[in-house]
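Work through the exercises below with the sequence and the structure at hand. Try each task before reading its solution.

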Amino acid sequence: MIIRQRLAAGLCALLAALTAGGLAPATAYADETDGKPAPQVELVLDVSGSMRARDIDGGSRMAAAKQAFNEVLDATPEEVELGIRTLGADYPGDDRRTGCKDTRQLYPVGPLDRTEAKTAVATLQPTGWTPIGPALLKAAGDFGSGDGAKRIVLISDGEDTCQPLDPCEVAREIAAKGIGLTIDTLGLVADAKTRAQLSCIADATGGTYTAVRHKNQLSQKVGQLVDRAADPVVNPVAVDGAAQCASAPELKPGLYSDREKFGEHRFYRVDVDPGQELRASVSVAADRAVNQDYGVLLRAVTTHGREIVRGQESGDGRTDAISTGLRYPKPEADDEDGAGPETVCLQVSNSYSAPASVKTSPGLPVELTVDLVDGPDQASDVAAFGLGNGWWLLVALVVFGFLAGVIWGWLSRWRVAVWRTN
């Protein structure tokens, strides 16, 4: 028994020693959010007549929403600027034109006064229509012009009643503006049509959809989404690619978003200094129904159109997004006096197509990542056996596996010897 305990302790100590090096750098990122713009969140609540239904833990849907809001307001991080917008809260009549304008900002997006916000929520009573599309349009304009994270949390128990203003199309238009606004949706005891519509809204902006049937579930999910806005994120910068390299926008290292039509080619330019390595990746999302068999191509070409390197990927309708990337190390110049940056053109192409019933505008969401790093000193450093800087971890795991195998073999032989002796 004593030998087994010592062996277990030795193995644990060895594993801890091998992995300690990978854990230490984590603290270097702790203060990276200091001085960044405040994240902004707006809670958009459905206050239509159907919220009177008493099917959430014996109480009404409206009561569950109010309780969730009170708990979330108490727990909202200090750095988050929060606002509240309602839909269907004021007009009880039957006039559709008037009912579809029934949305207002209950509490402005900004520093949170918890008492004032709770008082405003307490006055709400289920009243009218469900103008989700108009509410989202208004909510998109409720945020400031800063670069901080922006998030809408839409809570509804039914589908939009103000067609033909399709909430999915509204969400796609918001995404096409490139303002980095994410819409998350929560469905309260939602039916199939409501689930489909709320899921479509969330998918269009990279958000999430959650079905809710209990009060504590609603409180927890809204709280998680508000907290998520406070997490450090990188918001993509909206950019408009060109049809030709000569007129393409110049990109610096960073994350960019664009829209690309079906079967389109778009160009971007990057200046690469001698001794630098260009790393680029692109993702194209199918935010609507598309035909099967498609592909995405990312090419690095010279200003004269000669291909330098490419990355490509294909799909067959089973994924929502497809990604590819490339690397191009620019060698050091022999004559440093005449050395200058090389303009590399990044071409993004797709072979998506859509059924006749599907709208093709706005184009598909594109996310492009560009990075410039110091080039490798030797050609063999580029690949590093496909492991980059993680080769040391593989070596550590091999050593650990070898030592564990030796110790286990020795222990097994010792146990057999004891058994034979007895």
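**Exercise 1. The whole chain**

Among contacts in the protein between residues at least 6 apart in sequence, what percentage join residues at least 24 apart?

Solution. Note first that the model is predicted. Of the contacts between residues at least 6 apart in sequence, 76% join residues at least 24 apart. Next, list the elements: the protein has ten helices and 15 strands. Last, take burial: 42% of the 422 residues are buried.

**Exercise 2. Two packed helices**

Describe how helix H2 packs against helix H8, and state which kinds of residue form the contact.

Solution. Two packed helices are described by the angle between their axes and the distance between the axes.

Step 1. H2 covers residues 61-75 and H8 covers residues 215-230; their angle is about 40° and their axes are 9 Å apart.

Step 2. The H2/H8 crossing is right-handed.

Step 3. On the H2 side, the contact residues include Ala64, Ala68 and Val72; on the H8 side, they include Leu218, Val222 and Val226.

Step 4. Sorted by kind, the residues of this contact are eight nonpolar, three polar and three charged.

**Exercise 3. The cores**

Which residues have the most contacts inside the largest nonpolar core, and which element gives the largest share of this core?

Solution. Step 1. The largest nonpolar core has 34 residues, and those with the most contacts inside it are Leu45, Ile155 and Leu218.

Step 2. Elements that give two or more residues to this core include strands E1 (40-46) and E4 (150-156), as well as H2 and H8. The largest share, seven residues, comes from H2.

Step 3. Take Ile155 and leave aside its neighbours within four places in sequence: its contacts include Leu45, Phe69, Leu186 and Leu218.

Step 4. A second, separate core has 29 residues, among them Tyr268, Ile322, Leu326 and Val370.

**Exercise 4. One side of a helix**

Which residues of H4 are buried, and what covers them?

Solution. Step 1. The buried residues of H4 are Ala117, Ala120 and Val121. They span an arc of only 100° around the axis, so they lie on the same side of H4.

Step 2. The cover over these buried residues includes H2, E2 and E3.

**Exercise 5. A proline in a loop**

Is Pro253 buried, partly exposed or exposed?

Solution. Step 1. Pro253 lies in the loop between strand E7 (237-238) and strand E8 (254-260).

Step 2. Pro253 has a relative accessible area of 47%, so it is partly exposed.

Step 3. Leaving aside neighbours within four places in sequence, Pro253 is in contact with Val370, Asp371 and Leu372.

Definitions and conventions. Residues numbered from 1 in each chain as written. Predicted model: local features only at pLDDT ≥ 70, side-chain atom pairs only at ≥ 80, totals over all residues. Heavy atoms only, no water. Axes fitted to C-alpha atoms, helices over the stretch in contact; angles between N-to-C directions. Helix = DSSP H or I, 4+ residues; strand = E, 2+ residues; numbered from the N terminus. Left-handed = near helix turned anticlockwise from the far one by under 90°. Contact = heavy atoms within 4.5 Å. Nonpolar A, V, L, I, M, F, W, Y, C, P; charged D, E, K, R; others polar. Core = buried A, V, L, I, M, F, W, Y, C linked by side-chain atoms within 4.5 Å. Buried < 20%, exposed > 50% of the residue type's maximum accessible area, 1.4 Å probe, protein only. Arc of directions from axis to C-beta.
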